[in-house]
Each structure stands twice: as structure tokens, then as C-alpha cells.
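Trainee: Could you take me on a close look at a single part of this protein, the sheet and what packs around it? I would like one connected walk through it, strand by strand.

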Amino acid sequence: MAADSSVIRDPCSAPAALPAHVAIIMDGNRRWAAARGLPQTVGHKRGLEAAKAVVKHASGMGIRYVTLYTFSTENWKRTEEEVGFLMNLVMTHLRAEMDFYRKNNIRVRFLGRAEDLPANVSREIDGVCAATAGFPGMCVNLAINYGGRDEIIRAVKKLSPADIAGLTEENFASFLDIPDLPPVDLLIRTGGDQRISNFLLWQSAYAELYFSSALWPDWNGECLEQAVADFAGRERRFGGQ
């Protein structure tokens, strides 16, 4: 039975079998539209609706962190028209959904290479992150112009000689885009492909992987619950056995 997504539980009270951090590669928007003879833009809009539904359901389940692969460093290779549409979609969505974040106590954070984004998109990201910074509920991390390798390289460039001398796996995380972001417990990819596509490489070292054949616009809270149920049935040993 699906959980009541209208109930917002204390994230700190989540049961042990519930992943604290779920990362999602939202793949399949364009294929979803093509299969229906629709423009790609319709697929991206439906994908945005799916993301909102899944985020709300995750919040109701008590999941503490959700990271969404919104736009990768490789996505700039797409057509100028599609990239422009996606940037505008991100910008207008952030502005339009403040009531949703407020109602559900959702804190929004950003990871990625901010300096390469259009200035108006960066302003909207900064604005929503600042406006939601004090919200006590689930954290939604938007990976925009993000690549896992790029994040690691940018982190390395922040290191001083003294940092390098005392570097450990634990303190290296403090140089990443969101220093206090916990490791990924469950990494989900929709759309049928089985790869992680340069997403959260450091944070996903021991993530459980879940691949779904369903295209992202068809995803909903029930799909998320199925993925979490699969996660709950796994034994995580972290190399200890």
C-alpha cells in the first residue's frame, strides 16, 4: 500500500531500512515524448511534474535527502533550443514552487558549476536556496550543470598545501559542493539504461543501485516505494564481510 504523501514525518525518525539519501537520474523525458509523437518540450514538462510528485512522496515517507540530476555538464551538447528551454524551465519552476517548498518544509540546495549558468538562472537558484535555508524538512539537492568528475576536480583545486598534507577521505568531503551531504544510500536511474553517467561519483561509493525500465515522466510515489522496498531487502556490508 502506498504511503500517505500528505503526511510529513520528522526526517530524523525514519526507520533504519529507509534510505536517508536517495539520488535520482531522471532519464527518459525525450523518449517518452517521442513515443507519443509529442515535442521534446512536453516530455520535459511532464518530467518536471513527475519530479514534484516524487519529491512530495519522498518527504511524506521520511526520506531526509533527495538529489535530482537536473542538468549535467554533458547536457550542453544538446541543441541550443533544447538547452534554452531546459534553463528556462529550471528558472520558472524555482520561482513558481515556493509555496510547495514552504508547505512541505523543503529546503532546496544546489550543486554544480554555477559560474557557467546563465545569470538569471543563477539568481533564481541563489534566491530559492536562501529563501528555504531555514526550512526543517527534507533537503532537495538540485544538480544543475553538474558532473561528478568536475565536482572532484573543483574540490581538489580548493586544497592548500596544508590541506593536502592532512587530507583524509572524511575531510575531503568538506571541499565538495555540499560539504555536509551524506553518502548516497540508494541511487535510482529510470529509463532502462544501467549506468550512473558521472553522477555523485564520490558520494555514491557504496550506494545501492536501482534501475527502472519506466521512463521518468511515468514515475510516481508508488514507483519510489517499490525502489525503497527493494533497498530495504538488501544486506549492506560496506566491504566488512
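**The sheet and its surroundings**

Mentor: Happy to. Six strands, in the order β3-β4-β2-β1-β5-β6, form an open sheet with parallel pairing. Keep in mind as we go that this is a predicted model. At the edges sit β3 (107-111) and β6 (208-211), each of which pairs on one side only. On average, neighbouring strands of this sheet are turned by 20° against each other, direction ignored.

Let's start with β1, which covers residues 21-25. This strand is mostly covered, with five of its five residues buried. In a regular strand the side chains alternate between the two faces of the sheet. For β1, both faces are covered: His21, Ala23 and Ile25 are buried on one side, and Val22 and Ile24 are buried on the other.

Now look at the partners of β1. With β2 (residues 65-72), β1 pairs in the parallel sense over five bridges. If you want a residue pair to display there, isoleucine 25 has tyrosine 69 as its bridge partner in β2. With β5 (residues 186-189), β1 again pairs in the parallel sense, over four bridges. Here alanine 23 stands opposite leucine 187 of β5.

From β2 we can step across to β4 (residues 139-146), where the two strands pair in the parallel sense over seven bridges. Valine 66 has valine 140 as its bridge partner in β4. Helix α3 packs on the sheet in this region, touching β2 and β4, and its direction makes about 145° with that of β2.

Like β1, strand β4 is mostly covered: eight of its eight residues are buried. One residue in β4 deserves your attention, namely asparagine 145. Its phi is near 55°, a positive value in a residue other than glycine. Asparagine 145 counts as buried because its relative accessibility is 2%, and the cut-off for buried is under 20%. On the way to the edge, β3 and β4 pair in the parallel sense over five bridges. In that pairing, leucine 111 stands opposite alanine 143 in β4.

Let's return to α3 for a moment, as this helix has a helical partner too. Helix α3 (residues 80-96) packs with helix α5 (residues 119-131) at an angle of about 30°, their axes being 9 Å apart. That angle makes α3 roughly parallel to α5, since angles under 35 degrees count as such. The crossing of the two helices, α3 and α5, is left-handed. On the α3 side, the contact is made by Met87, Val90, Met91, Leu94 and Arg95. On the α5 side, Asn120, Val121, Glu124, Ile125 and Val128 take part. Sorted by class, the contact of α3 with α5 has seven nonpolar residues, one polar residue and two charged residues.

Finally, move to the β5 and β6 end. Helix α9 (residues 221-232) lies across β5 and β6, and runs at about 135° to β5. The loop between β5 and β6 holds leucine 200. This leucine 200 has a positive phi of about 50°, although it is not a glycine. Leucine 200 is buried, with a relative accessible area of 0%. So you now have two backbone spots to inspect, each with a positive phi: asparagine 145 and leucine 200.

Definitions and conventions:
Residues numbered from 1 in each chain as written. Predicted model: local features only at pLDDT ≥ 70, side-chain atom pairs only at ≥ 80, totals over all residues. Heavy atoms only, no water. Axes fitted to C-alpha atoms, helices over the stretch in contact; angles between N-to-C directions. Parallel < 35°, antiparallel > 145°, perpendicular 65-115°, else oblique. Left-handed = near helix turned anticlockwise from the far one by under 90°. Contact = heavy atoms within 4.5 Å. Nonpolar A, V, L, I, M, F, W, Y, C, P; charged D, E, K, R; others polar. Buried < 20%, exposed > 50% of the residue type's maximum accessible area, 1.4 Å probe, protein only. Pairing = 2+ DSSP bridges.
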